[in-house]
Amino acid sequence: MRASRMRATRFRAVIAAGAVATLMIGLAGCADSDRDNGGGEGSSSGGTFIFAGAGDPKNFDPIFNDDGESFRPIRQMYDTLVTHKPGTAELVGGLAESWENDATGKVWTFKLRQNVKFHDGTPLDAAAVCANFDRWYTMKGEAAQSQMIYYQDVFGGFEGSPDAVYDNCKAQDASTAVVTMKKYKGAFPGAFALTAFSIVSPEAVKKYDGNTVTQNGDSFAYSAFANEHPTGTGAFTYGGWNKATGEITLTKNPDYWGDKAKVDKMIIKIIKDENTRKQELRAGTVQAIDFPAPADRKALAGEGYKVLDRPAFNILYLGINQKNPKLRDLRVRQAIAYALNRAQLVQTKGPGGAAVADQFLPDTVLGYAPDVQKYEYNVDKAKQLLSEAGATGLTLNFYYPTEVTRPYMPNPQEIFTVLANDLQAAGIKINGVPRPWNGGFKDDVQQFGKQDLHILGWTGDYNDPGNFVGTFFGRAKPEFGDDAMTEMFSAIGKADATVDEAGKKAAFEQVNRDLATKWLPAVPIWHAPPALATAKNVEGLVPSPLTAETFNSVSLTK
Amino acid sequence: MVRVVLRRLVQLAVTLIALTTLVFFWLRSLPGGPVDALLGERATPQTRELLTRALGYDQPIWVQYGRFLKNVVTGNFGNSIRTGEPVIDVISRSFPATIELALAAIVIAIGLGIPLGYLAARHRGRLLDNATIIVTLVGISIPIFFLGYLLKDWLTQGLHLFPPSGRISTGMDNTDVTGFFVLDGLLTRELDASADALWHLVLPALTLATIPLAIIIRITRASVLDVLDEDYIRTADAKGLRSPTVRKRHVLRNALLPVVTIIGLQTGALLAGAVLTEKVYNWGGLGTLITDSIGGSRDYPVLQALILLAAAVFVVVNLLVDLSYAIIDPRVRVR
């Protein structure tokens, strides 16, 4: 009897053991819950600053990148010749103390800073700068060239291409580099500040085979330079990328030529889900997050976190495709503009600090005209214009993207709903067409022009009107449909080619006035400041309108 | 037995070839594509053309297919479009993360599920049984996504009992040996890292375990009840065999067969559940990899390899389930 009871007890114990073991896992965890994560050290300098970014970088060779997530670590490790005054889009000296171009606008002379060294100890001099320009221009192979998206866009093409803008670069002396272009390009000097054109160590490129990009299957493989040995002049040096944990480590560069980093180390932690980024901030495991959801901003601010608005350097617009003959009538396009209650949209769906846009560039950019025609909300006027144009009962296909948020468009579906309701109220029937961003939207809208209306936008790359209106309306595009808008193309082309700054300003102001009154290829909707949020103890993080923050100014207090 | 294994291996090969072809053509029939994904918003038409040529997308589809097949046969799945790394590297990094999570979930599901199911059956109709039925109903009905966020909100915010996401604390030094963080910490005697990884594992594993746990409890309970009603149990009791012996030798052993089947089937469900769980907890495993590869970047090379891998895992797990039948119930061996 006793033996059987013992067996029964043992059996129960076995069954219970599983349950206990499972609970143990939980308890083991609890014990460690107040673990320090190596964050703030309680002093005003030093320590580790952990920043939660929203996506993986591609690699760390600036020239082969074009996205914000790659540029974030790149900006900490490299410098550009010209840069932006922190918190603004104003150009100031970077590796070049000063720069000037000649009367033709084709020759740019850069006076370089003295005693600047790359992380590998080699000097930053005019020869190194020229080696960079030459490297880009002479890059071989379609695989590599196809990944130099900014270069192709700004410099027109590579060695041998008739559209190439670059001619040559000469080192006049150790600290003077003279870059000669084949033709004037309005994008400069602003484009010299593009992160893609950061100056890299020519020695490191050579040593780690930086120019070799090979195609493998459906993609490309990059060099050791791009993946393991990024070498620039920046305030931080590369400390490694742990892909299993999604952490990029950057270490303070004690020999930095500019303001040295205040923290010893910074970690960029990749957290794609915005809700999780917020929770990590609240848990204290990261000290700053990128792009908090607009809906969370108030709550975070209420809890004492710092919500930092980047000055808006973007635009959301409602595109109108004139392939549809009905939309070729200016009155119909104006009716659409009058039908939209943009002020209300900004109030209800805009992230904090958003403002109604009345032209396609922010007011900090040259050529912004304060006196453009503004389309105040007027549904009667819209109906009247539609009737005058014989377009009553108009039905339009309205494309909007899904599976995506953009800094200028945090909630495409909601924006679409509000705009569509406004248009319906004016008597335009709307057929909504949702398409995944990379699964049809960009193709249908930008390549095939299937839509009548669509929402899309842009964050500026550098401070130049051509980067905004030129990008949208400077040439015939399926997005807006009518190849016959030659007057618009040539006016923008002419403004872009004006070397004299005052002349350029006047020309672009006129372009902006005409865009509103004569051409109206789209309706500007809003400028929306994308935000950052940080813990209370983070000081000195200056939000950049170009989302181009550098973190050397950041310190952690108690 | 050998014949069973061989037959399954042939099945695996045929499945993989069929899937490969299907996946290749399906991916290419979708709108958008890697060219779009790689180009972003700033590309000029010239760049688009360059890239299309560089990737060989200007060639006829059967040439692309031939090239793809050749690569697969030689074990080259290409490089990830998103990160530029060899696909094999990307997958072999994410694989241990998911397996670690799934294993922890299985341990929880089995460790709690079989005892609870058994106890519920033994106390049929009583409070414990009724409570178990209600709890399992909730467990099966609750969406993983919701449960994940709920657990996180309760236990990580405010209470700070667990970390909200990730596999290990940011900045923690851990040596990567096998890719299983808990194990790596033990192997390299970095016990701190091991405990930290375990601490990070609790919530995701609990979330992922919920559905299989509920199912295992219910199946065990039903199965045990069935066996308890069998004549041979009554006979055994009548013969005077002591109750614990009956339970161990006869009840549980015979009741386990359907449970093992369910565990096998749940492996597939675990992988599917991992996609959501990983998203909620920023767990860098295969689930995350799948959503990343479909979502923004149309990462064809990674997707193709992942689908093949998933199929292979599924077939192998089912083979193991079949083999374990033979171990539990000798009659199966005759087949």
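Q: What makes up the area that chain A and chain B bury between them?
A: Buried area is the accessible area (1.4 Å probe) that two parts lose on being put together, summed over both. By that reckoning chain A and chain B bury about 6500 Å², 53% of it on carbon and sulfur atoms. This is a predicted model, in which local features need pLDDT of at least 70 and side-chain atom pairs count only at pLDDT 80 or more, while totals for chains, interfaces and linings use all residues. Residues are numbered from 1 along each chain as its sequence is written, chains are lettered from A and ligands numbered from 1 in the order in which they are written, and side-chain values use heavy atoms, with hydrogens and water left out.

Q: How many residues of chain A are in contact with chain B?
A: Contact means heavy atoms within 4.5 Å. On this criterion, 72 residues of chain A touch 79 residues of chain B.

Q: Why is the pairing of A:E142 and B:R53 called a salt bridge?
A: The term requires a side-chain nitrogen of Lys or Arg within 4 Å of a carboxyl oxygen of Asp or Glu. The N to O distance for A:E142 and B:R53 is 2.7 Å, so the pair qualifies. Between chain A and chain B the count is 4 salt bridges.

Q: How do you know that A:C130 and A:C169 form a disulfide?
A: A disulfide is a pair of cysteine sulfur atoms within 2.5 Å. The sulfur atoms of A:C130 and A:C169 are 2.0 Å apart, so the criterion is met. The pair links distant parts of the chain, with A:C130 in helix α3 and A:C169 in strand β6 (residues 166-173) of chain A, 39 residues apart. Helices (H or I, at least four residues) and strands (E, at least two) are DSSP runs, numbered from the N terminus. Over all chains the count is 1 disulfide.

Q: What is the handedness of the disulfide of A:C130 and A:C169?
A: The torsion about its S-S bond is about -65°, so the disulfide is left-handed. Both A:C130 and A:C169 are buried, a term meaning under 20% relative accessible area (1.4 Å probe, protein chains only).

Q: What makes a set of residues a nonpolar core, and which members of the largest one touch the most others?
A: Such a core is a set of buried Ala, Val, Leu, Ile, Met, Phe, Trp, Tyr and Cys residues joined through side-chain atoms within 4.5 Å. The largest has 103 residues, of which A:F49, A:L81, A:F133, A:Y151 and A:F197 touch the most other members. Helix α3 (residues 126-137) of chain A gives the largest share, 7 residues.

Key: Buried means under 20% relative accessible area, exposed over 50%, partly exposed in between (1.4 Å probe, protein chains only).
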